[in-house]
Each structure stands twice: as C-alpha cells, then as structure tokens.
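This report covers one chain of the model and its contacts with a second chain. The sequence and structure are shown first.

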Amino acid sequence: MDLRQRLVHLALRRPHALLVEVPGWWRTRVETERAMARRGWRPASSPAGADVLVVCGSPGADLGEVVDRVTDQLPGPRARVAATAPEEVATALDEAAARLADERAQRDDARDRTRADRADRADQGGDGGDDGGDDGGEDGGEDGGDDEDDGDSEMAPEGIPLAGSGPDRDGLEMDVLNVPLGPVLEHWPAGLVLRCVLQGDVVVEADVDVLAGGAAASPSATAAVTCDGAARALDLAGWGDAAAGVRRVRDLVLDGHHDQARRDLDRLAARVARSRVLRWSLRDLGRLDPAQARAHGLPDDAVGDVHDRLVAMLERARDGLAGRSDAAGDRSAVVEALPTLVHGLELAAVRLVVASHDPDTLGASRQERADA
Amino acid sequence: MTPYLGVLSLLLVALAVIGSVWAVHRLVTVTAQPLRSPPFLSGWPPSEHALSRFHARWYPATLLFLAFDVEMLFMYPWAVVVARVGLSAVVEMFLFLGVLFVAVVWAWREGALRWT
Amino acid sequence: MPEVVTVGAAWAVPAALLLGLVAVVAASADAVMVARRDGVDVRTGAIAPLAETARLLRQPRRVTPAADAPLWRVGRGGLLVAALLMVAVVPWGSWVPADLPVGVVWFNAVDVTVWAFVWLAGWGPNAAFSLVGAYRFLAQALAYELPLMFALTAPALAAGSLRVADVAAAQQGLWFAVWMPVAFAVYCLGVLGFAVWGPLAPPTGGDIAGGVLAEVSGPDRLLLLAGRYALLAAGAVFAVPLFLGGGAGPLLPGWLWVLVKALVLVVALVAVGRRLPALRPDRFLELGWMVLLPAVLLQVLVVALVVVL
C-alpha cells in the first residue's frame with residue numbers, strides 16, 4: 001500500500017538507537033555515535049524509545065544475556081546489530097535500516113512475539129491475568145478472556161514479589177527497591193553494574209560489578225577519551241548543548257585536527273567553568289577531601305566535588321592537546337570505591353558522581369582477571 | 001453557561017485528537033497487540049514491584065506549599081478590587097504575605113527546603 | 001469592556017489547529033537546532049515532527065506487568081487535554097472560544113492538573129525509573145508553581161480584571177512584559193516547568209533512562225511527547241494576551257498577531273531552554289522558595305503600588 005510505504009519511509013528518517021558498549025570497544029561506540037549523528041539518527045534512553053539496538057563489541061556470556069533481555073523489550077519494528085570495529089559501523093547501521101524497512105519481516109516478528117507471549121502465559125496456567133494489557137476491548141479482545149482471572153498469589157502478582165521494607169536514616173520503616181544501574185544505560189561507563197538498593201530515590205546500599213567482553217584493545221587517544229568522559233558528565237547535568245560541543249572536540253582529536261580541537265576546547269572549557277547555573281547545580285556533590293581520596297586509593301584529581309572534577313577533566317584534555325603531561329591517575333581503583341562514594345545520594349547525584357570519577361571499567365576487569 | 005460551551009468543545013477536540021491517534025495507529029502499526037514487557041532496569045529482571053511507599057524526602061515542602069497555596073486563592077479576588085479599595089488593600093495584603101513569608105524563612109532555616 | 005466575540009463551538013477546531021501549529025513549530029525548531037549543532041542537513045530537522053509521528057504510529061504499544069492501566073492512560077492523554085483547555089480562554093484578536101470572566105484563574109487551574117497527569121504517567125507503568133521521574137516532577141512543581149501563580153496575578157492586578165481580553169486590552173501603549181519583567185520571566189520558567197522542558201526536564205532525564213517516558217512506546221509515547229510540546233505552545237500562546245499586548249499590532253489582523261507573537265516566544269523558549277543546564281530538583285526547591293517567590297512578590301507589590309498611586 002502506497003500510504004503505508006510512505007509512512008515507513010518517513011519513519012526511517014529518524015530511527016532511535018540504544019547503544020551497548022562492551023568494555024574495550026570505546027572507539028567503536030564513538031564511531032557509532034558519529035555515524036548516527038551524520039544520518040540524523042537519535043540516541044534512545046530506554047528500549048521503549050528505541051528501534052535499533054547496536055552492540056558495540058563482542059560481549060561475554062553475562063553481558064550477552066543482559067543484552068538479549070533488552071532486545072526482548074524493544075517494542076518493534078526492531079533491529080539488533082553488532083559492530084566489533086569502527087569500520088563495521090556503517091554496514092551495521094545500513095543493515096539495521098534495511099531490516100526496519102522490511103515491513104513483512106517486522107510484521108512476522110511482531111506476530112511471533114505475540115504468540116510466544118501467549119504460549120508463555122498459558123504455560124503459567126493463566127496466572128497473571130491481563131492487567132498489563134489494560135483494555136481487552138480496544139485491543140480487539142482476542143486475548144482479553146482472562147481479565148477477571150485474579151489467580152495471583154497475594155504476595156507476588158504476576159510472579160513478581162511486592163517490595164520489602166527496611167529502616168531508613170530517620171528510623172522509619174520504608175519500602176526498598178532493588179534498582180541495578182548498568183550495564184545497558186545511557187551515559188554510563190561500559191560494562192559497569194552498580195546494584196543499588198533504593199528508598200524513594202536515595203541509595204541506601206550498593207555493590208559493584210563489571211561485565212566484561214572478550215579480548216579487546218585499550219583506547220589510545222587520551223585527550224579524546226577524557227573529552228568523552230566530560231561530555232557524559234555534562235549530559236547528565238542536563239546540558240546537552242555543551243556536551244555536544246565537547247563531543248565534537250573529541251571527534252576533531254580522533255580525526256587529527258588538533259589545532260581546531262584546541263581552539264574549540266579552550267572556548268568550551270571557559271564556557272563550562274563560567275556557567276553559574278552549572279556550578280550552583282553541581283557544587284558540593286560527592287565532595288572528597290584528599291585523605292578520603294587516598295583512603296579509597298583514588299588519584300589526586302579525584303579530590304573536590306563533581307564540578308571540580310568536571311572542570312579538571314576538561315583541563316586534563318586541554319593539557320593533553322597542548323602536549324603537556326595529561327597523565328590521568330589510574331581510574332580503575334574508583335570502580336571498587338563506588339558503593340561507598342554513592343551511599344546516601346539520590347539517583348541524579350549518583351549518576352553525576354559516577355560520571356565525574358570517569359571509572360575505567362576495562363582496567364578494573366583486567367585487574368580482577370589477573371587477581372583470579 | 002455559554003462561555004463554558006467553548007471549553008467543552010475544546011475538550012471534545014482533545015479527545016477526538018487522542019482517539020484518532022489511536023485509530024491511525026491501529027491502521028498502520030505492525031501489530032495492534034501491545035508488547036508485554038518487564039520494566040526496563042538496565043537489562044535486569046525486576047526483583048519486586050516498583051509501586052510501593054515511595055520515600056518522598058521533600059514532604060515538609062508540601063505542607064509549606066499547602067499553606068501558601070490556600071492563601072494564594074485570596075490573591076485573585078484581591079487583584080480585581082485593589083484599584084477600587086486603594087492603598088489600604090495593598091497594605092493589608094502585603095502585611096499578610098509578609099507574615100506568611102516569615103514562616104517560609106523559618107521553614108527554610110529548619111532545612112525544610114533541602115532534601116539531600 | 002473590550003469587544004470580543006464568543007464564537008460558536010465549531011471554532012474550537014481552528015483554535016486547536018493554531019495551537020497545533022505553534023507546537024509543531026516548537027518541535028521543528030528544537031530538531032533544527034540539534035541538526036545545526038550536529039552539522040546535519042537542517043531539512044532533516046525541519047521534518048522531524050512528521051518523521052517522529054510516523055515512527056511512533058507504526059510502533060506497537062508496550063505494557064508492563066501489573067501496570068496501573070487506567071491511571072497510566074489518563075496521565076498519557078492528559079497533557080494534550082490540558083494544553084487545549086488552557087487555550088480555550090485565549091482571545092485570538094477579537095474572537096475567543098470561551099470568554100470566561102475568570103480566564104486567568106482557569107489557566108491556573110488547568111496548569112495544576114498537569115501535576116496529576118505527569119505523576120500518573122510516571123506511576124502507571126509500575127517501573128522504578130518512571131516512578132522516580134514522577135516524584136521528581138512533583139518536587140519540581142512544588143518549587144515553580146507558587147511563583148507562577150503570583151506571576152499570573154500581576155497582569156490581572158494591573159488590568160483590574162481576571163478576564164483575559166481585559167488584560168490584553170489594558171496594555172494599550174505598553175506591554176506588561178516591559179514594565180513587569182520579573183513576572184514575565186517567572187511565568188516563562190513556569191511554562192518550562194509544566195511542559196517538562198529544557199532546564200526543568202529532569203523528570204524525563206536521561207539519567208533515569210527517560211523517567212516518565214522510560215516505558216512508553218508507540219502512540220502512547222507520541223501523545224506524551226506531543227502533549228509536552230502542546231503545553232509549551234499553550235504557555236507561549238497564553239503569554240500573548242497576558243504580557244505581550246494581545247492581538248494589538250499594525251497591518252495584520254489581530255489573530256495573526258497573536259500567532260506571530262506566540263511563535264516568536266515559543267522559539268525563544270526552545271532556544272533558551274537548550275542553552276541552560278538542568279536546574280536539579282533538589283536545588284531548585286530552595287531557589288523557587290527563597291529567590292523566585294520573594295522576587296515575584298516584590299513585583300506584585302510594585303504593580304499594586306502603580307495601580308493605587
């Protein structure tokens with residue numbers, strides 16, 4: 001049908017993609033972001049908003065399992081593609097676009113998923129009712145028959161237990177939620193998993209893990225990596241424009257345009273350091289004094305609050321571009337320290353603190369492997 | 001009643017727009033059957049239902065808001081009569097607001113407006 | 001009393017179309033700014049609202065286990081409804097869909113319903129990130145709502161009327177935006193607040209996987225995103241009679257002036273919103289109560305003194 005074809009054509013002007021970076025495939029993820037921007041594709045924050053899942057690198061078994069689960073959450077029309085080197089990115093995105101455009105295959109996929117879901121629920125003896133499907137009538141009513149079947153166990157509707165509770169800092173009894181952050185999460189270090197226990201949006205407990213991939217090369221262009229980390233922190237501070245600017249500097253560095261990169265970065269770093277709103281919003285978040293930093297085995301540049309560390313990151317990138325020493329401290333130790341660093345913070349602050357420390361998950365996973 | 005006819009007709013337009021979004025969707029989508037999916041938790045299955053007693057740490061601010069918001073209702077009738085009543089209306093209202101704001105400052109000093 | 005004609009019920013359609021136009025221009029402007037930033041052909045930005053609509057109409061809906069379906073649905077559709085109800089009282093030059101004697105209060109009442117809609121949209125899916133986003137919105141609303149309410153009273157006070165057409169007519173010669181700049185600025189911030197946009201977008205932030213938007217797909221997502229732009233547009237449209245002289249202007253007919261002024265303001269809101277970092281809700285609470293509220297109270301005092309002296 002002509003109308004439908006035109007609709008598909010229009011929809012393909014702006015696919016949204018969710019990116020998964022495997023530790024060690026930094027360069028591939030960066031190339032994916034650049035290729036997406038060139039095509040007018042947009043990044044997605046969650047599977048519900050995504051048409052495409054791009055896996056950058058080859059995940060290990062644990063990470064692969066997580067990625068499979070996320071793939072199942074894409075609403076469809078969907079495409080999952082992988083790139084294990086920057087050169088493969090263009091082909092992977094082309095393939096994704098072609099698969100999204102294949103209306104018949106997408107319809108088959110959607111039908112198979114509905115069937116599988118129905119079979120699944122039949123296996124569970126109709127448990128779970130249809131309350132998710134909210135409106136048997138409007139959905140055509142084909143599967144709305146078990147609406148009133150309230151066979152759920154009192155304590156675990158749809159097979160998921162109700163939230164338990166625990167004492168909070170004021171001595172009140174409060175419900176707790178287990179909310180893991182990572183590995184599939186926007187603006188998040190590759191492979192990092194921070195399992196948080198929340199009361200409201202405050203982290204009362206956390207533990208950390210890194211899901212690694214197969215063998216991989218470390219990233220080499222230091223100034224570009226630092227810029228990428230700073231851009232991530234800026235994005236989390238809700239300043240997308242500044243983040244995009246710093247990311248452009250990253251790309252200039254990777255392309256070897258060092259002079260232009262230096263000029264742009266000088267201007268951007270000054271703009272970031274000058275912004276009063278940014279300072280007001282990040283001041284005193286995750287403050288560390290030198291003694292605490294040393295106790296955690298963190299480098300000297302980890303001292304201060306989120307704003308200090310962000311400015312320092314940009315400063316390091318400038319040093320690197322100017323040919324001065326930009327030896328960043330070893331950022332793998334910070335991974336182990338994260339549970340303590342984020343304790344008692346709310347989620348937005350947790351994300352900013354993690355980004356401002358720019359943890360080196362690849363280094364941490366290697367160390368772990370060497371220890372084992 | 002007539003002016004509210006306009007409001008009602010805009011409400012109907014809004015519902016019509018929402019209805020047509022749904023109708024067009026059903027015509028062009030790959031499947032009208034919604035996908036059943038667990039909530040997104042960075043790729044992990046949920047270990048409990050999220051709907052729970054949420055610890056809203058800013059609850060003192062809600063009480064403050066309620067107090068000030070009720071007062072706010074007086075502002076509208078007051079705004080209409082200020083020109084007629086004159087200076088005394090302004091003095092009375094701002095004395096009242098001043099007293100209320102002292103309470104806000106007190107609550108602020110007690111830390112009711114900080115929640116970390 | 002200035003002449004405005006309450007038009008028949010069928011005129012709700014053109015009013016809604018005009019609001020839709022402003023909302024689409026806002027969405028296009030945003031996408032064009034992103035395209036220019038990324039060095040992409042700006043035409044891909046300009047057609048973004050169309051492409052996004054096509055994409056989301058083709059995408060199936062998505063439901064989560066044990067979701068609070070009816071409340072979720074109310075929240076998703078509510079934003080668009082609220083936006084259209086806001087513009088019901090806006091006079092387009094000399095015609096108005098609903099000439100309420102308390103039009104300003106009506107706008108205020110509708111903008112408070114947005115609290116419920118955004119919260120319900122986040123509560124509905126039974127998902128942690130959405131829930132955090134929902135509560136973030138409430139915390140943020142506690143901070144912007146009171147200053148916004150007082151900012152709304154300033155023009156009404158100067159005009160001595162709560163009827164929107166009277167407020168517009170009271171600005172012969174000098175726009176209220178010019179001599180009550182604090183009220184206008186606070187109003188604009190309030191608009192960003194109830195549209196969950198720009199510096200006040202943390203309830204839909206990327207740090208919580210999109211927050212209130214984290215679980216919705218297909219037409220549901222389309223309604224939420226469109227509702228957000230419609231609220232931004234409704235805020236800009238309502239600002240015209242309130243602060244920007246209404247339909248007054250040379251040559252063009254009144255309704256066209258309202259449209260032009262609203263378009264300029266909405267593009268400005270998009271541009272300014274993009275240039276600012278997020279006002280994080282926990283800090284914004286203090287800012288709202290200790291800076292914005294006293295500032296706008298002083299503004300109202302100044303206006304009141306001008307009125308009586």
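A polar contact is a pair of N or O atoms within 3.5 Å; within protein, one of the two must be able to donate a hydrogen and the other to accept it. The model described here is predicted. In this model, the side chain of C:Arg62 makes such a contact with the side chain of C:Glu215, at 2.7 Å.

**C:Arg62 and its surroundings**

C:Arg62 is part of strand β2 (residues 62–63) of chain C. Its relative accessibility is 0%, and buried means under 20%, so C:Arg62 counts as buried. Besides the contact with C:Glu215, the side chain of C:Arg62 reaches into chain A, where the backbone oxygen of A:Gln73 lies at 2.9 Å. Leaving aside residues up to four places away in sequence, C:Arg62 touches residues of chains A, B and C. Those of chain A are A:Pro47, A:Ala48, A:Gln73 and A:Pro75. Chain B contributes B:Pro34, B:Leu35, B:Ser37, B:Pro38 and B:Phe40. From chain C come C:Trp72, C:Glu215 and C:Ser217.

**The interface between chains C and A**

Contacts between these two chains involve 50 residues of chain C and 66 residues of chain A. About 4700 Å² is buried between them, and carbon and sulfur atoms give 57% of this area. Of the area that chain C buries against chain A, 16% is supplied by C:Arg58, C:Arg280 and C:Arg283, more than by any other three residues.

**The parallel sheet of chain A**

Chain A has 14 helices and nine strands. Of its 372 residues, 55% are buried. Among contacts in chain A with a separation of 6 or more, 65% are between residues 24 or more positions apart.

Four strands of chain A form an open sheet in the order β2-β1-β3-β4, with parallel pairing. Strands β2 and β4 (79–83) stand at the edges with a single partner strand each, so one side of each is left without a neighbour in the sheet. Strand β1 (residues 16–21) of chain A has five of its six residues buried and is therefore largely enclosed by the rest of the structure.

β1(A) is joined to β2(A) (residues 42–43) by two bridges, and to β3(A) (residues 52–56) by five. Between β1(A) and β2(A) the chain passes through helix α2 (residues 26–39) of chain A, making a right-handed β-α-β crossover. Helix α4 (residues 89–101) of chain A lies across β3 and β4 of chain A, and runs at about 170 degrees to β4(A).

**The hairpin of chain A**

Strands β8 (residues 192–199) and β9 (residues 202–210) of chain A run antiparallel and are joined by eight bridges. The two strands form a hairpin with two residues between them. In the turn, A:Gly200 has a positive phi of about 65 degrees.

The table lists residue pairs from the strand pairings of chain A.

| Residue | Opposite residue | Strand of the opposite residue |
|---|---|---|
| A:His16 | A:Arg42 | β2(A) |
| A:Ala17 | A:Pro43 | β2(A) |
| A:Leu18 | A:Leu53 | β3(A) |
| A:Val193 | A:Asp209 | β9(A) |

Notes
Residues are numbered from 1 along each chain as its sequence is written. Chains are lettered from A and ligands numbered from 1 in the order in which they are written. This is a predicted model: local features need pLDDT of at least 70, side-chain atom pairs count only at pLDDT 80 or more; totals for chains, interfaces and linings use all residues. Side-chain values use heavy atoms; hydrogens and water are left out. Buried means under 20% relative accessible area, exposed over 50%, partly exposed in between (1.4 Å probe, protein chains only). Two strands pair if DSSP finds at least two bridges between them. A crossover is right-handed if, with the strands pointing away from the viewer, the path from the first strand over the helix to the second runs clockwise. Contact means heavy atoms within 4.5 Å. Axes are lines fitted to C-alpha atoms, for helices over the stretch in contact, and angles run from 0 to 180 degrees between N-to-C directions. Buried area is the accessible area (1.4 Å probe) that two parts lose on being put together, summed over both.
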